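Here is a short report on one helix contact and one enclosed space. Look at the model first.

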Amino acid sequence: MTNTNSGLRKPRGHYAKTEARRTAILEAALEVFSESGYRSGSLRDIAKRVGTSDAGLLHHFPSKTALLQAVLNHRQQRDRTFTDVGAQDGRVALRGVVALAAHNADTPGVVELYATLAAEATTPDHPAHAHFVQRYESVREAGIGIFERLHQEGRLRSGLTPARAGVLTIAVMDGLQLQWLLDRESVDMSVELQAFLESIVDFGDDWSWEEEAPQA
């Protein structure tokens, strides 16, 4: 009996290899865009870093705009590994936000790329415009959810609504990033963010910003 699926399904090893190559391209593109900016960063330089040709790169990402969108999504997915925005304890979610700020201090090129792109993307015809509109919407929504849980626990300071706390937190994070990019010696993003959060949330005497080790 003839197998009608023969030749239609690629081997699993081929899929894994393709995904590994895509990830390598995204990491290289993030490096190049961080070092040279999106407009100056070349596809040829990205291809060279992963040992492929321009045509090989375009096989995975058909245009520079498509590659930028994939890079931004890739970075956003990595950021999510630091924060559990759905944590039952809102304080745990905020601990992850502070950890993300500390991590960003180790990747100045990436932070600079994001700050530059976010400013440029306010123009509707910028290739990253839709991404940043969606990003801020989702971050605001996640922040409001965190502060809503804290509000229900009576931990949000008087006079603040969850919506306002979410918007203010984003503004503080973005402002700290800009100040840090201009003078990295005068600003510690994670320390200042932690201080701000403590000014709007009652974390309680039993709280620690250090993540607790799992019980044996």
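Helix 5 (90-104), helix 8 and helix 9 (189-200) each supply at least two residues of the largest cavity's lining. Helices here are DSSP runs (H or I, at least four residues), numbered from the N terminus. Helix 8 contributes the most, with three residues.

This is a predicted model, in which local features need pLDDT of at least 70, side-chain atom pairs count only at pLDDT 80 or more, and totals for chains, interfaces and linings use all residues. Residues are numbered from 1 along each chain as its sequence is written, and side-chain values use heavy atoms, without hydrogens and water.

The structure holds one cavity of 30 Å³ or more. A cavity is a set of points on a 1 Å grid over the protein atoms alone where a 1.4 Å probe fits but cannot get out; lining residues have an atom within 4 Å of a point. The volume of the largest cavity is about 50 Å³. Its lining consists of Ala101, Asn104, Met173, Leu176, Gln177, Met189 and Leu193.

Helix 8 (residues 162-182) also meets helix 7 (residues 129-152): their axes come within 8 Å and cross at roughly 125°. That makes helix 7 oblique to helix 8. Oblique covers angles outside under 35, 65 to 115 and over 145 degrees. The crossing is right-handed. In contact (heavy atoms within 4.5 Å), helix 7 uses residues including Tyr136, Phe147 and His151, and helix 8 residues including Pro162, Ile170 and Asp174.

The residue classes are as follows.

| Site | Nonpolar | Polar | Charged |
|---|---|---|---|
| Lining of the largest cavity | five residues | two residues | no residues |
| Contact of helix 7 with helix 8 | nine residues | three residues | three residues |

Ala, Val, Leu, Ile, Met, Phe, Trp, Tyr, Cys and Pro count as nonpolar, Asp, Glu, Lys and Arg as charged, and the others as polar.

Conventions:
Axes are lines fitted to C-alpha atoms, for helices over the stretch in contact, and angles run from 0 to 180 degrees between N-to-C directions. A crossing is left-handed if the near helix is turned anticlockwise from the far one by less than a right angle, and right-handed if clockwise. On a 1 Å grid over the protein atoms alone, a cavity is a set of points where a 1.4 Å probe fits but cannot get out, and a pocket is an open set with protein on both sides within 12 Å along at least five of seven lines; lining residues have an atom within 4 Å of a point. Grid points are joined across faces, edges and corners, and a volume is the space filled by probe spheres set on the points.
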